[in-house]
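Me: I want to talk through how a ligand is held, and how each term is earned. Please put up the structure.

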Amino acid sequence: MEMTKEAIKQVGDMKREHYAMIINGERVESSSGSTFETFNPAKGEVIATIAKANEEDAEKAVQAARQAFDHGKWRKYPVGKRARVLNKIAQIMRSRFDELVEMEVLNSGKSVGAAQVQINQSIEDFEFYAGAIVGHRGEVNNMPYGFFNYTHKEPVGVCAQIIPWNYPMMMAAWKIAPAIAAGCSVVIKPASLTPITAIILNEICHEAGVPEGVVNTVPGSGAVVGDYLVKHEDVNKVAFTGSTPTGKDIMEKASQTLKRITLELGGKSPNIVFEDADMEAAVAGSLFGIFFNTGQSCEARSRMFVHEDIYDEFMEKFIEKTQKLQTGNPFNKGTHLGSIISQEQLEVIDFYVQSAIEDGATIATGGKPMYPEGFEDGYWYEPTVITDVTPDMKVVQEEIFGPVVVVEKFKDEKEVIKRANDTKYGLGSAIWTKDQGRATRVAHQIQAGIVMVNSPFSAFPGTPFGGYKQSGFGRELTVETLDLYMEDKSVLSYYGPKPLNPFGV
Ligand code: NAD
């Protein structure tokens, strides 16, 4: 089939019937002509078709990125110039904020409030890395007299970036911003369920002045395109966000070429409410901690531990507020929970809830699919609270990735730390207490990359985000992330007055 090509100067209309992939600064159709449909999960209806990349297309994207890295100008730009382009990306995004929010809601079913927060953070990400890269530098190291040594930081090369569906734009921004700030080239593979805003972000990059080939987007199957990128000899690094099983598979395959990797994986994060917590703040924060983004967050606080002295009062308030949460039209400002991403994910959630019932747990509220008026064909699940659980239950041990929280009682600090750590994951965690000493003690003993103390929020640009244990490794969103897109080169020179002759011959 004829390849249709169109160099990207401007993004143009964001709402389209079809989205091409982006290779070497151009909108490109699949070499096989294949497309796939993408949905509005809130309504279960098709909203657009997407060019479906195959291995040949992935190869073209890698070669474009390789060419841009090896022979292009981006990495050679003065750092201030790269920073200006990142700021320009942020400016364009800000000027088209409402359209970006609309596209994110349409393709993910999330509530407009959640989408606004996430698009805003995506913009701030580019601004953050525009600032961070300007101050990022190597070091002059201590050496014996006559020798001079400095650490020269160089971009790592071509980066494959593979992202999930739960925060489509934000995950793309978390990946692209530090990589291009560092001078790398990128091939990004969005999740098949939510490719639209990553494609638009790539287009915005070109409108802002990112040269051709520096950012490329190849929507397609993880097993085909993702796998191809991970194994490719010309790809220097893989940055992956997604589930723990896929992360393990990627780590194994990337080891064949010893690629640099960062893995941001799943979680089963504890939310601990001590007896001295501010009750209103703890209820509100715990509610947000699990139900934001309809529970489809890697750091969702999905295992709640409540001290026995306040358990009854806390649970009464928590359940009452859970029942007040609004679902339905994601574009309504008052909507708290949008839809589930797909029918398949809805079935996964229901499978876990059913398993909890079979295992003898109690469904305190929710527990089934729902059909909001006007959205009956979409994928919706009631905000669900499960009590009377035991640590061995599937619903307690495994990531559900939906609006479902399990609640356990505890007696004392030592015991709850042990129980909170009783999981293979280690991403987020939250502590609710007025006792600063206890907060610090517990924070330092929790095996997780993120501890929120009396805070419903887990991340801002600048805070390290990433996991312990099987939640992965590497930190995103922070200054140090730049180092994960760079190599440290040691440059060692001799400046003594006499030539050296170490062999003495
Ligand atoms: P997933 O692992 O199924 O897919 C993630 C991405 O990997 C997709 O783009 C997919 O196409 C691709 N992929 C799938 N198989 C592949 C393979 N064999 N080789 C290469 N790529 C492959 O995850 P998902 O269902 O899209 O997302 C949900 C998961 O993501 C949850 O486990 C969640 O906790 C995790 N997540 C983690 C973070 C974090 O920062 N730690 C953030 C968001 C989501």
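Me: What makes the pair between the ligand and Ile 163 a polar contact?
Reply: This is a predicted model. An oxygen atom of the ligand lies 2.8 Å from a polar backbone atom of Ile 163. The cut-off for N or O pairs is 3.5 Å, so the pair counts as a polar contact.

Me: How do you know that Ser 243 makes one with its side chain?
Reply: A polar side-chain atom of Ser 243 is 2.7 Å from a ligand oxygen. That is within 3.5 Å, so it qualifies.

Me: Which part of Leu 265 meets a nitrogen atom of the ligand?
Reply: A backbone N or O atom of Leu 265, at 2.8 Å.

Me: How much of the ligand does the protein bury?
Reply: Taken alone, the ligand exposes 850 Å², and the protein buries 87% of that.

Me: Which elements give two or more residues to the shell around the ligand?
Reply: Helix 7 (222-231), strand 12 (237-241) and helix 8 (244-254).

Me: What is the make-up of the shell, by residue class?
Reply: 14 nonpolar, 8 polar and 5 charged residues. Domain 1 (17-265 + 471-490) and domain 2 (270-453) each supply at least three residues.

Note on methods: Residues are numbered from 1 along each chain as its sequence is written. This is a predicted model: local features need pLDDT of at least 70, side-chain atom pairs count only at pLDDT 80 or more; totals for chains, interfaces and linings use all residues. Side-chain values use heavy atoms; hydrogens and water are left out. A polar contact is a pair of N or O atoms within 3.5 Å; within protein, one must be able to donate a hydrogen and the other to accept it, and residues adjacent in sequence count only if both atoms are side-chain atoms. Accessible areas come from the Shrake-Rupley method with a 1.4 Å probe; for residues, only the protein chains shown count as cover. Helices (H or I, at least four residues) and strands (E, at least two) are DSSP runs, numbered from the N terminus. Ala, Val, Leu, Ile, Met, Phe, Trp, Tyr, Cys and Pro count as nonpolar, Asp, Glu, Lys and Arg as charged, and the others, Gly among them, as polar. Domain bounds come from an automatic or database domain assignment.
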